[in-house]
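The exercises below ask you to work through a structure step by step. Keep the sequence and the 3D view side by side as you read each task and its solution.

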Amino acid sequence: MTSPRSRATLQVRPEVMDFSPYSAGLSIQEIKERYGLDTVVKLASNENPLGTSPLVQQVIRSHADHVFRYAQSGNPRLAQKIAAFFGLQTECVVTGNGSDEVIDLLIRAKARPGIDNIVAFNPCFSMYTVLARLCGVELRQTPLNDDFSFNWDALVSLTDDNTAIVFVTTPDNPSGYTPPVEEIMALAKRLPEQCLLVVDEAYMDFTGNRDAHSMMPRLADFPNVCVLRTFSKSFGLAGLRLGFGAMQPELAGYLKRIRPPFSVNILAEHAGMAAMDDTVFFNETLRVTAEGRDYLNRELAALGCTVYPSKANFIMFEAPIDGAELHEQLLRRGIILRPLNKGYGLPRHMRVTVGNAHENKVFINAFKEILNVR
Ligand SMILES: *Cc1c(COP(=O)(O)O)cnc(C)c1O
């Protein structure tokens with residue numbers, strides 16, 4: 001006879017039962033173990049080509065003895081510094097445990113499960129889909145154009161009086177496509193009144209031209225727009241988890257009310273402030289990335305790839321051979337790229353992060369070897 005306890009079925013929400021998690025790129029350790037390699041070049045997750053800023057490292061070390069304390073709730077000093085650095089009002093800034101947390105807060109603050117919907121392009125950054133699904137909110141998507149540019153009319157046609165959020169990523173991931181900011185302003189004016197336009201600018205620094213592309217300096221004119229930024233890429237803090245949203249103060253107030261009190265930890269807070277101080281590291285990151293992007297563009301084209309123009313710190317290309325095969329051949333040589341077959345349905349497309357000069361060269365040389373080109 002079975003006890004009542006063993007017969008009891010575990011009850012979870014249906015959204016949780018069917019949940020397919022965010023699939024992260026392979027880690028360096030996994031590849032070392034699987035292929036018996038000593039060195040691995042990871043160009044899969046758009047991390048900083050220079051590593052961690054020396055100033056950030058020093059500040060983290062100097063705060064090591066403080067980790068027994070809670071951070072000051074809401075990280076006010078960090079929010080103030082972000083506001084000053086990016087030219088925002090402090091009341092507009094909501095910090096989070098990566099911009100992922102701000103995406104989650106926005107969805108939960110704005111979208112009513114079973115009633116509202118969220119609109120985005122397909123493919124889009126998978127956290128929008130993952131978190132919408134978890135929240136039980138309908139996600140409506142319209143395909144990108146064949147050249148990965150944006151079909152604004154199709155996007156707007158998916159919206160209605162129950163659209164809580166429209167997500168747009170610029171520069172886009174994984175294509176690198178970056179529309180003129182005028183197009184985003186025009187979109188903001190066309191959306192239903194209750195709808196928030198979330199512009200994810202995770203890679204904006206790498207465009208080198210925020211006037212032409214960023215909504216951040218224009219926020220005051222667009223109360224229905226929220227801009228997302230992250231410290232994971234151009235500031236080199238992916239492992240510490242720090243991002244923020246810039247939005248109208250009323251919405252920011254609601255997000256701060258519902259956010260967990262200590263989600264930005266004490267080391268992330270201090271590291272974020274140091275990262276904004278280290279302009280040498282930041283500028284060098286942008287220089288190395290722009291140089292490496294030019295190099296990879298040239299070399300990939302010379303190898304017969306279709307290269308999509310990118311303003312970000314990664315490049316999407318279509319290889320002359322099958323993407324899964326290329327991915328596997330590169331892994332054996334200790335190089336990790338992001339294949340776009342799974343999740344994106346693009347069997348020959350790959351995304352490569354712009355690394356430092358050495359990493360880029362190692363990748364191109366391995367690619368030549370795989371293609372039998374000298
Ligand atoms: C990397 C990335 C982010 C940053 O996420 P964090 O949680 O801040 O690390 C946000 N949006 C897009 C599109 C990204 O590619």
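**Exercise 1: a glutamate and its surroundings**

Decide whether glutamate 269 is buried or exposed, and then place the residue in its helix and list what it touches.

Solution. Glutamate 269 has a relative accessible area of 3%, and since buried means under 20% relative accessible area, glutamate 269 counts as buried. The model is a predicted one, and this value is computed from it. The next step is to locate the residue, and glutamate 269 turns out to belong to helix H12, which covers residues 266-277. Leaving aside residues up to four places away in sequence, glutamate 269 touches Ala71, Gln72, Asn75, Arg77, Leu78 and Val264.

**Exercise 2: a lysine in a loop**

Find where lysine 233 lies relative to the strands, and work out whether lysine 233 is buried or exposed.

Solution. Begin with the chain, where lysine 233 sits in the loop that joins strand S7 (225-230) and strand S8 (243-246). The relative accessible area of lysine 233 is 14%, and because the limit for buried is under 20%, lysine 233 is buried although it is in a loop. Its contacts, not counting residues up to four places away in sequence, are Ser45, Asn46, Asn48, Ala202, Tyr203, Phe206 and Asn313. As a last step, compare lysine 233 with tyrosine 177, which is 56 residues apart from it along the chain, and whose C-alpha atom is separated from that of lysine 233 by 17 Å.

**Exercise 3: two domains and their interface**

Describe how domain 1 and domain 2 are laid out along the chain, and then characterise the contact between them.

Solution. The domain assignment gives domain 1 as 25-51 + 280-373 and domain 2 as 54-277. The contact takes 24 residues from domain 1 and 23 residues from domain 2, while the C-alpha centres of the two domains lie 26 Å apart. Turning to area, domain 1 and domain 2 bury about 1900 Å² between them, with 65% of it on carbon and sulfur atoms. On the side of domain 1, Phe282, Lys311 and Tyr344 lose the most area to domain 2, and together they account for 32% of what that side buries. For the polar side of the picture, seven residue pairs are in polar contact between the domains, whereas zero salt bridges are found across the interface. Finally, helix H13 (279-302), strand S10 (314-318) and strand S13 (349-353) each give two or more residues to the side of domain 1 that touches domain 2, and H13 gives the most, with six residues.

Note on methods
Residues are numbered from 1 along each chain as its sequence is written. This is a predicted model: local features need pLDDT of at least 70, side-chain atom pairs count only at pLDDT 80 or more; totals for chains, interfaces and linings use all residues. Side-chain values use heavy atoms; hydrogens and water are left out. Helices (H or I, at least four residues) and strands (E, at least two) are DSSP runs, numbered from the N terminus. Buried means under 20% relative accessible area, exposed over 50%, partly exposed in between (1.4 Å probe, protein chains only). Contact means heavy atoms within 4.5 Å. Domain bounds come from an automatic or database domain assignment. Buried area is the accessible area (1.4 Å probe) that two parts lose on being put together, summed over both. A salt bridge is a side-chain nitrogen of Lys or Arg within 4 Å of a carboxyl oxygen of Asp or Glu. A polar contact is a pair of N or O atoms within 3.5 Å; within protein, one must be able to donate a hydrogen and the other to accept it, and residues adjacent in sequence count only if both atoms are side-chain atoms.
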